[in-house]
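Please look over the chain shown below before reading the report.

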Amino acid sequence: MNRLAKIPFHPLLLALYPVLALFSFNIHEVSTSVLWRPLLISLAGALLLLALLRLALRDWQKAALVTSLFLAGFFTYGRIYDFLKTTPLAGLGIIRHRYLLVAGLVLLVGLSMLLLRRVRNFKPLTAALNLVAIILVLSALGLVLSPDAGGQAVRVAVVQGNSPCPREQCANEK
């Protein structure tokens, strides 16, 4: 556990995970060659934010924690927006991107400030986040690299009637 606490690499892995997870979900619809650009853009964005926060906070572990928090907010924003848009309260028309983005940023900044003030020792938190990030990326990579990558998803979709391919092709896969 001590090795995991030394270097905070969780923001980099958390930047890679959404791209790998999305690719593993759509593995039969896109080629591997389209994977590299979003991976590099996501990694570059995380590195830039991590470097800027390192300059501002003067500590790698604090910068990594805030970077991971902002990455989580960034990659879940669409899901949160969709959820709020479909709730009965949203029928009033108050859920708009301009309001949700401001509220989300205020929430992320406030949570970051709270964590930076309250947490005294960042090593256990860094170790835990590194471990979680490793597990997430390995699970996504396992789906991408498995010999039957996505084959089970095709069979389940055909059984449920949500065929991802024309009937003639899916009939051959049964």
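The report covers the overall fold, two helices and one proline.

## Overall fold

The model is predicted. The protein has eight helices and zero strands, and its elements follow the order α-α-α-α-α-α-α-α from the N terminus.

Of the 174 residues in the protein, 29% are buried. About 12,000 Å² of the protein is exposed, and 68% of that area comes from carbon and sulfur atoms. When contacts between residues at least 6 apart in sequence are considered, 66% of them join residues at least 24 apart.

## Helix H2

Helix H2 covers residues 10–25. Its 16 residues, at 1.5 Å a residue, should span 22 Å, and the end C-alpha atoms are 22 Å apart, so the expected span and the model agree. A kink of about 25° is located at tyrosine 17, shortly before proline 18.

The buried residues of H2 are His10, Pro11, Leu13, Leu14, Ala15, Leu16, Val19, Leu20, Phe23 and Ser24. These buried residues pack against three helices: H3 (36–57), H4 (60–86) and H6 (123–145).

## Helix H4

H4 is one of the helices that the buried residues of H2 pack against, and spans residues 60–86. For its 27 residues, 1.5 Å a residue gives an expected span of 39 Å; the end C-alpha atoms of H4 are 39 Å apart, which agrees. H4 also bends, by about 50°, at threonine 76.

At the start of H4, the backbone nitrogen of glutamine 61 has a side-chain oxygen of aspartate 59 within 3.3 Å. Gln61 is itself buried, as are Ala63, Ala64, Leu65, Val66, Thr67, Ser68, Leu69, Leu71 and Tyr81 in H4.

## Proline 11

Proline 11 belongs to helix H2. Is this residue, proline 11, buried or exposed? Its relative accessible area is 0%, and the cut-off for buried is under 20%, so proline 11 counts as buried.

Which residues does proline 11 contact, leaving aside its neighbours within four places in sequence? They are Ala46, Leu50, Ala64, Thr67, Ser68 and Leu71. Of these partners, Ala64, Thr67, Ser68 and Leu71 are among the buried residues of H4. Valine 66, another buried residue of H4, lies 55 residues from proline 11 along the chain, and the C-alpha atoms of the two are separated by 8.9 Å.

Technical notes
Residues numbered from 1 in each chain as written. Predicted model: local features only at pLDDT ≥ 70, side-chain atom pairs only at ≥ 80, totals over all residues. Heavy atoms only, no water. Helix = DSSP H or I, 4+ residues; strand = E, 2+ residues; numbered from the N terminus. Buried < 20%, exposed > 50% of the residue type's maximum accessible area, 1.4 Å probe, protein only. Contact = heavy atoms within 4.5 Å. Areas by Shrake-Rupley, 256 points an atom, 1.4 Å probe, with all protein chains shown as cover. Expected span 1.5 Å × (residues − 1). Bend = angle between axes of the 7 residues up to and from the residue. Polar contact = N/O pair within 3.5 Å; in protein donor to acceptor, adjacent residues only side chain to side chain.
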